[in-house]
Amino acid sequence: MSTFSNWAGSVTTKPAEFLQPSRIDEIPDIITRSRSVRTVGAGHSFSPVAAGEGTMMNLDKLSGLVGVDKQRKRVRFLAGTRLRDVPGLLRPFGLALTNQGDVDPQSLAGAISTSTHGTGIDYTGFAGTVTGLTLIDADGNTRTYSLDEDPDLLRLIVVSIGALGVVVEVEMQCVDAFDLQAEETGIGFNELMDNWEELSRSVDHFESYWFPHTDRAMVKANTRLAPNGEHRSRIKQFIDDEVVGNGAFAVTLALGRMVPATIPALNRFSTAVISHNRYRAAAHEVFVSPRRVRFHEMEYAVPLAVGPAAVREIRRFIEDRDWRIGFPLELRTTAADDVALSTASGRESMYIAFHIPRFLNPQDYMPKLEPILRAAGGRPHWGKMNTLSREDFAQLYTRFNEFCELREKMDPQWRFGSPYLRKLFG
């Protein structure tokens, strides 16, 4: 590979080499002979978190199950396992991931290490479900961490952004397989903001998409049910996900690009089209939707109680500057967890994700909106666009300096470093 580019096309780099080890025992030698090592999964981060100039390593060939503790419902995976493959691996055991986000190309290690999450006020992100982890450190040694042996240390290292070593195995707390009943409806913007917390607590998994320049939003409420084998028909799924969710949306973005003045009307049309749907299927089929239209994204986790006010401020900001934004804000909630660098560490959170199409320059938008989210006490998703550095993060996480001290102890030569990680932890 001469050039690495992330999914959004916002990050490019030319690593000295790109490797895909097929055995864990190959990794120590790769680490010790390389001047720097960065591990990359799907390249789905919008920040340069996985980019490296030395060796870039992909673990796609280290995929699959290591073991299943049926009694405790703990499952150990090879770290390169893609989220999209997990349902098939768990199906024979009648298990499922506790929660998921809305896309699934990521590797498990990548999703965990960047504090990736789904939605549901009673459910944490992926990191909060980790019960064990194995990594290869800067000296090529294998280190194993366990919730049973040292929970405090495990919680410190789970979200590491690849700064402590190459994660090779992860153990996760799973649950019995379940279905989701999805209800997609419309709601007034003010009603949504006035009742955000109540709505979030009224259903297992609640999220909303609000298109700027409109007074209504689409809400998706998912209820957990015992599985009954029901699935969306292939035709309905194709229409929902591909024709409406991707095809029609791509057309509206193209029209808005050609004639920006039409974007408010197109946004109202999009809200109406996606606000009337009801179906039931296995959990992963409801959580996940294909994303064919590429974009740039910034997402912050703010304390649940102040989230709606931040969204209202973003709305005013967009209108005051007469921006024309054809992508919706995605709004979600999660439970608090006790993972040191999780974006929901210590607090119930509302996640506010701002997107723009790939053809726009994110620097014209993201840094200008970011102060609103920072003023609300927001923490940026580790894999999404932000301008923060170590001094900022030290104010947002109570154990941040402790993590930096551990990183310095485990990797004083920055073998797992990059210019971007030095900005975060240097």
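**View 1. An eight-stranded open sheet, taken from a predicted model.** The strands here run in the order E15-E12-E14-E13-E17-E18-E16-E19, and they pair antiparallel. Look to the two ends of that order for strand E15 (277–282) and E19: each has a single partner strand, so one side of each is left without a neighbour in the sheet. Further in, strand E17 (residues 329–334) meets strand E18 (residues 349–357) through five bridges, in the antiparallel sense. If you want a register mark for that pair, use Glu 330, which stands opposite Ala 353 in E18.

**View 2. A small open sheet with parallel pairing, made of three strands in the order E3-E5-E4.** Strand E3 (17–19) and strand E4 (37–40) are the edge strands, each pairing on one side only. From one strand to the next, the twist averages 25°. Three bridges hold E3 to strand E5 (residues 55–58) in the parallel sense, and Glu 17 sits opposite Thr 55 in E5.

**View 3. Strand E9 (residues 130–136) and its partners.** Seven of the seven residues of E9 are buried, so the rest of the structure largely encloses this strand. What does E9 pair with? One partner is strand E11 (residues 166–176), antiparallel over six bridges; another is strand E10 (residues 142–146), also antiparallel, with five bridges. Leu 133 is a handy residue to centre on: its bridge partner in E10 is Tyr 145, while in E11 it stands opposite Val 170. Gly 132, for its part, faces Glu 171 in E11. The hairpin of E9 and E10 has five residues between the strands, and there Gly 140 takes a positive phi near 85°.

**View 4. Strand E11 and two further partners, E7 and E8.** Eight of the eleven residues of E11 are buried, so E11 too is largely enclosed by the rest of the structure. Strand E7 (residues 74–78) runs antiparallel to E11 and is joined to it by five bridges; Arg 76 has Glu 171 as its bridge partner there. Glu 171 also stands opposite Gly 132, which links this view to the previous one. Strand E8 (residues 95–97) is joined to E11 by three bridges, again antiparallel, and Leu 95 is partnered with Asp 176 in E11.

**View 5. Trp 7 against Phe 295, one of the aromatic pairs.** Searching the whole structure turns up 19 aromatic pairs. In this one the rings are edge-to-face, 5.1 Å centre to centre with 75° between the planes. Trp 7 comes from the loop between strand E1 (4–5) and strand E2 (12–13), and Phe 295 from strand E16 (residues 295–303), so the contact ties together parts that are 288 residues apart in sequence. Are these two residues buried or exposed? Both Trp 7 and Phe 295 are buried. They also belong to one aromatic cluster with Phe 46, Phe 211, Phe 249 and Phe 327.

**View 6. A stacked pair, Trp 382 and Tyr 397.** The ring centres are 5.8 Å apart and the planes sit at 25°, under the 30 degrees cut-off, so the pair counts as stacked. Trp 382 lies in the loop between strand E19 (379–380) and helix H12 (390–396), and Tyr 397 in the loop between H12 and helix H13 (400–410), so the pair ties together parts that are 15 residues apart in sequence. Trp 382 is buried, at 2% relative accessible area, and Tyr 397 is buried as well, at 3%.

**View 7. Two arginines over aromatic rings.** Arg 315 places its charged end over the ring of Phe 189, 4.3 Å from the centre. Arg 407 lies over the face of Trp 414, at 3.5 Å from the ring centre.

**View 8. The buried face of helix H8 (residues 263–273).** The buried residues in H8 are Ile 263, Pro 264, Leu 266, Asn 267, Ser 270 and Thr 271. Down the helix axis they fall within an arc of 160°, so they line one face of H8.

**View 9. Two buried cysteines, Cys 174 and Cys 404.** Cys 174 has a relative accessible area of 2%, and Cys 404 has 3%. Don't look for disulfides, though: the structure holds zero.

How values were computed
Residues numbered from 1 in each chain as written. Predicted model: local features only at pLDDT ≥ 70, side-chain atom pairs only at ≥ 80, totals over all residues. Heavy atoms only, no water. Phe/Tyr/Trp six-rings, centres within 6.5 Å; stacked < 30°, edge-to-face > 60°. Helix = DSSP H or I, 4+ residues; strand = E, 2+ residues; numbered from the N terminus. Buried < 20%, exposed > 50% of the residue type's maximum accessible area, 1.4 Å probe, protein only. Lys NZ or Arg CZ within 6 Å of the ring centre and 35° of its normal. Arc of directions from axis to C-beta. Disulfide = S-S within 2.5 Å. Pairing = 2+ DSSP bridges. Axes fitted to C-alpha atoms, helices over the stretch in contact; angles between N-to-C directions.
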